[in-house]
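Student: I'm new to this structure. Could you take a close look at its salt bridges for me, and then at what surrounds them?

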Amino acid sequence: MNEHDESDSLIVPRKQANKAARAVAEHVEGRGLAKGNPQGQNASRTQRRNDAPSALERIRKAAVRDKKQRFTALLHHIYDVERLHAAYRALNPGAAAGVDGVDWEQYGQRLEVNLQQLSKRLKRGAYRARPARRVRIPKPDGRERLLGVPALEDKIVQRATAEVLEAVYEQDFLGFSYGFRRGRSAHQALDAVSVGIRKRKVSWVLDADIRAFFDTLEHEWLVKFLEHRIADKRVTRLIQKWLKAGVLDDGKRVDSETGTVQGGSISPLLANIYLHYVLDLWTQRWRSKQARGDVIIVRYGDDFVVGFQYRNEAEQYLEQLRRRFEHFGLELHVDKTRLIEFGRFAASTRAKRGEGKPETFNFLGLTHFCAKTRKGWFTVGRKTMRQRWQVKLLEVKAELRSRMHDPVPEQGHYLGAVVRGHANYYGVPGNSRAITDFRTAAICIWRRTLSRRSQKGRINWKRMVRLVAKWIPNVRVRYLDPDGHLRVMTQGKSPVR
């Protein structure tokens, strides 16, 4: 079989098609990217480099044309020097070095020679993955998030591999999957939840959390899922090398038969592939075959929310989901997975039973609650999670204390970037008070920090106002209302208004 023939295929089972009657909305369930969303392309430096994106486009078209096709020759797209070069350029130059101690700038001093050698090792199968360097990041709940920093060459090859595989799998992923995908964002997932709950007959919400997902997904199942589409054994062996490379933790190598190291370019894609087969396709089939009422689902990485019209169907789904996850080595977090009454009728039905206000749920850093518009219509209110708000201010306090004797412009530049970034993410409709309060609290922390630098006591507010005007931006809601946001995203073609 010709190595460069992407059209050769073997038959694999076709997944279930979307069913519009059960969709949250077309903009939530859409199969492909909306018009205007960017397609993945490599940066071109010469005329010859224009071949790289056209090769990916041929793969995309083949994947769309035949949903059963298994791609038998993909490795040559990965070890292509032009693609490796584009992958290197796409890396963050300031990122930390892995176990090899080589950073972006050092590798680039002999870039062409290094990439040529890397390409040859990949071609003849001599490439060896190195263990990732373990990094611990504190989480808001006091636990630690374990990340891995791959060696620089592993970063390059992972990014090139992810780009090639995305050309295949972006045609398969379902519309309610938003995490780590081109042209999709967390705010689109948040808006899909809001629109889905308001536009569909949702009365119960399953707020689900997968316990240690990245640490527990099973390698054997992942390879089987990959083989539904990828018949090039060299590519699956390449991925297995990263899975088995393990991590270097305090100088000790730790191997694992399960999980994928968070931090590499390939990990988000592998996670999406795993949950595509374990969760997405199954949920799509479940709601089309078993559900009588409306069912919506929105997934962002390993975080997902499912809405139901009927409680008994929600309970049935949850019980079956637990069993399905157990079969594939996953587990729902007992304390963080809840089925709550939520929707346009939740407040009134709970009041009739003599119960309190509807419960809230958290998704992607925002607390969602039942609310009403000024005209009295039901809506989904959203505000910054209090825990996220507090933890971020503690980080700001610690950072400013470490920068206490830095020049004021440097402090102002840092704090302005923090306030701007916070508002850019949390500036959703209805959350203006929370982002304004965050800005005010951050300014007060800065004033206390500046006051400790002087023997003369606290800095007066007159000077503080001048500093704030110069360095700290005003904050405001950045995004349209959820309906308008999704309407823009889908070019006005959503059937749900």
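Tutor: Here is a walk through the salt bridges, followed by a charged patch and two buried residues.

First, some ground rules: this is a predicted model, where local features need pLDDT of at least 70, side-chain atom pairs count only at pLDDT 80 or more, and totals for chains, interfaces and linings use all residues. Residues are numbered from 1 along each chain as its sequence is written, and side-chain values use heavy atoms, with hydrogens and water left out.

For the backdrop, the protein has 19 helices and eleven strands; helices (H or I, at least four residues) and strands (E, at least two) are DSSP runs, numbered from the N terminus. Of its 497 residues, 52% count as buried. Buried means under 20% relative accessible area, exposed means over 50%, and partly exposed is in between (1.4 Å probe, protein chains only).

Now for your salt bridges: the structure holds 26 of them. The term stands for a side-chain nitrogen of Lys or Arg within 4 Å of a carboxyl oxygen of Asp or Glu. Take Arg299 and Asp280, whose side chains pair up at 2.8 Å, N to O. This pair ties together distant parts of the chain, with Arg299 in strand S6 (residues 295–300) and Asp280 in helix H12 (residues 267–289), 19 residues apart. Both Arg299 and Asp280 are buried.

Arg323 and Glu319 form another salt bridge, at 3.4 Å, N to O. These two sit about one helical turn from each other because they are four residues apart in helix H13 (residues 311–327). Arg323 has a relative accessible area of 48%, so it counts as partly exposed. Glu319 is partly exposed too, at 41% relative accessibility.

Then there's Glu341 with Arg350, a salt bridge of 3.8 Å, N to O. Glu341 and Arg350 are both buried. They also belong to a network of salt bridges that links Glu341, Arg350, Arg353 and Glu355.

What about charges without such partners? Lys397, Arg401, Arg448, Arg452 and Arg458 make up a positive surface patch. Patches are made of residues with over 30% relative accessible area and no salt bridge; like charges are joined within 9 Å, and nonpolar side chains (Val, Leu, Ile, Met, Phe, Trp, Tyr) within 5 Å. Lys and Arg count as positive and Asp and Glu as negative, while His and the chain ends are not counted. The place of a charge is taken as NZ of Lys, CZ of Arg, CG of Asp or CD of Glu. One member of the patch, Arg448, belongs to helix H17 (residues 432–451), and its relative accessible area of 33% makes it partly exposed.

Finally, two buried residues. Val205, in strand S3 (residues 204–209), has a relative accessible area of 0% and is therefore buried. Val205 and Val305 are 100 residues apart in sequence, yet 7.0 Å apart in space, C-alpha to C-alpha. Beyond its neighbours within four places in sequence, Val205 is in contact with several residues, including Val305, Arg338, Leu339 and Phe361; contact means heavy atoms within 4.5 Å. Thr260 lies in the loop between strand S5 (252–254) and H12, and is buried at 8% relative accessible area. With neighbours within four places in sequence left aside, Thr260 is in contact with Phe214, Leu217, Leu243, Ser267 and Leu270.

Definitions and conventions: Areas by Shrake-Rupley, 256 points an atom, 1.4 Å probe, with all protein chains shown as cover.
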